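Colleague: Please take a close look at one helix end for me, and then follow the thread from there to whatever else helps at the bench. I would like one connected account.

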Amino acid sequence: HQKIAYEPYRKNFYVEVPELAKMTLEEVNVLRLELEGITVKGKGCPKPIKTWVQCGTSMKVLNALKKHSYEKPTPIQTQAIPAIMSGRDLIGIAKTGSGKTIAFLLPMFRHILDQRPLEEGEGPIAVIMTPTRELALQITKECKKFSKSLSLRVVCVYGGTGISEQIAELKRGAEIIVCTPGRMIDMLGANSGLYVLVHYALGTYHPELVDLCVFQVMRIVDNIRPDRQTVMFSATFPRAMEALARRILAKPIEVQVGGRSVVCSDVEQHVIVIEEDKKFLKLLEILGHYQEKGSVIIFVDKQEHADALLKDLMKASYPCMSLHGGIDQYDRDSIINDFKNGACRLMVATSVAARGLDVKQLILVVNYNCPNHYEDYVHRAGRTGRAGNKGYAYTFITEEQVRYAGDIIKALELSGSIVPPDLEGLWATFKDQQKAEGKSIKSSSGFSGKGFKFDETEHALAN
Ligand code: ADP
C-alpha cells in the first residue's frame with residue numbers, strides 16, 4: 001500500500017434533514033423500538049431515516065426504488081443507510097429477508113458516483129464478498145436493478161465456471177465486483193493483472209461471512225486500501241465473526257434489528273381486569289362502539305374457544321368468522337381473503353393463525369384471552385394501527401392470569417401508554433406474594449430491560 005498513491009476520496013455524504021434533526025433522543029428511542037426493535041452500539045450513530053428521500057440518494061436511485069415498489073426502507077435499512085452514508089464502518093445484523101442488500105447497496109452507489117469515472121482496466125471501486133454463489137448471484141441481481149440506470153458495471157465472480165471470461169469482464173472495467181472469496185483469490189493469482197483490488201473506496205461484505213475462511217477474507221481485504229470503508233452484514237453474529245470484524249472494521253457502529261419490538265404509538269391500548277363470566281358482555285359493549293368504524297379481530301388462546309365464541313357472537317347477531325390452525329389451508333386462505341376485502345369484518349382468531357396478517361382497515365383488536373408473553377401481546381396489538389392508521393387494542397385479564405400482567409405492563413410502558421392502576425395493583429400484590437413465598441419474579445418471557453435502556457441481559461436475549 002505504501003507504494004501506491006491512493007487518490008483521496010470522500011466518505012461522509014450524509015446530511016440529516018431538519019425533520020430528523022429536531023427529534024429528541026427519547027423520540028428516537030421510541031422510533032427504534034417501533035422499527036422492530038433496533039439496537040445500536042458504538043458512538044455517533046445517526047438517527048434512523050423514515051423515507052428514502054431522507055437518505056440523500058440520487059433521483060435515479062429513487063426512481064428505481066419506486067419502479068420496484070420499494071415504498072419505504074425496512075428497519076435495517078432505516079438505520080444502516082444513514083450510518084454507512086456518514087462514512088462509518090458498520091456491522092448490521094438482521095434476519096434473512098429483511099433487506100440487508102439494499103442497506104449497503106444504496107450508500108455504495110452514492111460512494112461510487114462520487115468518484116471520477118474509471119479508466120480502462122481500472123477498478124473496482126466496491127467489492128461485495130459473499131459466502132455462496134447463490135448469494136453472489138442474488139446480490140448481483142438486486143444490484144442490477146439500480147446499476148443500469150446509474151451506468152455502473154457489475155461483475156459477479158464465483159467459482160465453478162470458467163475463470164477467463166470473468167477475468168476478461170473485469171479487465172473491460174467494472175465499478176462493482178460481487179464475489180465469493182475463493183474464486184477472487186484464484187483470480188488474483190492467475191496473472192490477471194488485478195493486484196490492487198480497490199483503488200478508491202469501499203469494501204462491502206455481506207451475510208454469513210463466518211462460514212468463510214477468515215484467512216480468505218483477509219487475503220482480499222489486505223489488497224484493499226487501508227482507509228477503505230468496510231461494512232459487514234449478517235443474520236447472526238457468532239463469535240468467529242466477531243474476530244473477523246475486529247480485524248477488518250474500524251470503530252464500527254453495530255446495528256441490530258429484532259432485539260425487541262414494541263407496540264406502535266398509533267395503537268391506543270386498554271387493559272381491563274375482569275372476571276371470566278363478565279367478558280362476553282364487555283366484548284359486546286366494545287364491539288358496539290367500534291364495529292361501525294372498521295374491521296375487528298378478537299384473539300383467543302385455543303381453537304375450541306374460537307369456535308365457542310364464534311357461536312356466541314352469531315347468536316348475538318354479529319356475523320363473524322373464525323381462523324385457527326384446525327381449519328384447512330384452503331379455507332383459511334379464503335377466510336383471510338374475505339377479511340381483507342371487507343366481506344366479513346369480524347374475526348375470532350388464535351395468534352398463530354393471524355401471524356403477519358396485514359389488514360389496513362383493521363380498527364380494533366380484542367385480546368379476549370390474555371396473551372401469555374410479551375411478544376405475543378405486541379404481535380397481536382400490532383395487527384392494528386398499521387400504515388399510519390389509528391387503532392385500538394383491548395386486553396382482558398382475569399385475576400387468575402396475574403402472572404401475565406408483568407409483560408403487559410412492560411409493553412404498555414415501552415410504548416408510552418398509561419398502565420391502569422388496577423392492573424398495576426394486581427401485579428404489585430402478586431410480586432409481594434411471590435417474594436413472601438421466597439420465589440423469584442420473572443415475567444414469562446424473562447424480560448428484564450428497564451425503560452428505553454437496553455441492558456446487557458436484554459442484548460443477550462435479543463441474540
Ligand atoms: P436479506 O439480505 O436481509 O436476506 P434481501 O436484501 O435479499 O434480504 O431482501 C429480501 C427481499 O426484500 C428482496 O426480494 C428485496 O428485493 C426485498 N426488499 C428489500 N428492501 C425492500 C423494501 N424497502 N421494500 C420492499 N421490499 C424490499
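**A capped helix and its surroundings**

Modeller: D328 caps the N-terminal end of α13, with a side-chain oxygen 3.0 Å from the backbone nitrogen of Y330. Do keep in mind that this is a predicted model. The helix that D328 caps, α13, runs over residues 329–340. Its 12 residues reach 16 Å from first C-alpha to last, close to the 16 Å expected at 1.5 Å a residue. Just after α13 comes G342, which takes a positive phi of about 85°.

Now step back along the chain to α12, residues 303–315. This helix has 13 residues and spans 19 Å between its first and last C-alpha, close to the expected 18 Å. Its buried residues are A306, L309, L310 and L313. These four lie on the same side of α12 because they cover an arc of only 110° around the axis. The face turned away from that buried side carries E304, K311 and K315, which are exposed.

G342 has a positive phi, and two residues other than glycine deserve a glance for that angle too. E36 has a positive phi of about 60° although it is not a glycine. E36 sits in the loop between α2 (25–34) and β1 (39–41), and it is partly exposed, at 37% relative accessible area. K251 also has a positive phi, near 40°. Its place is the loop between α10 (239–248) and β8 (253–256), where K251 is exposed, with a relative accessible area of 72%.

Since you work at the bench, let me finish with the ligand. Of the 18 residues around it, Y70, K72, Q77, G97 and T101 come nearest. Q77 places a polar side-chain atom 2.8 Å from a ligand nitrogen, while a polar side-chain atom of K100 is 3.0 Å from a ligand oxygen. E142 also has an N or O side-chain atom 3.1 Å from an oxygen atom of the ligand. Taken alone, the ligand exposes 570 Å², and the protein buries 75% of that. The elements giving two or more residues to the shell are α5 (100–113) and α6 (133–147). By type, the shell residues divide into 9 polar, 5 charged and 4 nonpolar.

Key
Residues numbered from 1 in each chain as written. Predicted model: local features only at pLDDT ≥ 70, side-chain atom pairs only at ≥ 80, totals over all residues. Heavy atoms only, no water. Near = heavy atom within 4 Å. Polar contact = N/O pair within 3.5 Å; in protein donor to acceptor, adjacent residues only side chain to side chain. Areas by Shrake-Rupley, 256 points an atom, 1.4 Å probe, with all protein chains shown as cover. Nonpolar A, V, L, I, M, F, W, Y, C, P; charged D, E, K, R; others polar. Expected span 1.5 Å × (residues − 1). Buried < 20%, exposed > 50% of the residue type's maximum accessible area, 1.4 Å probe, protein only. Arc of directions from axis to C-beta.
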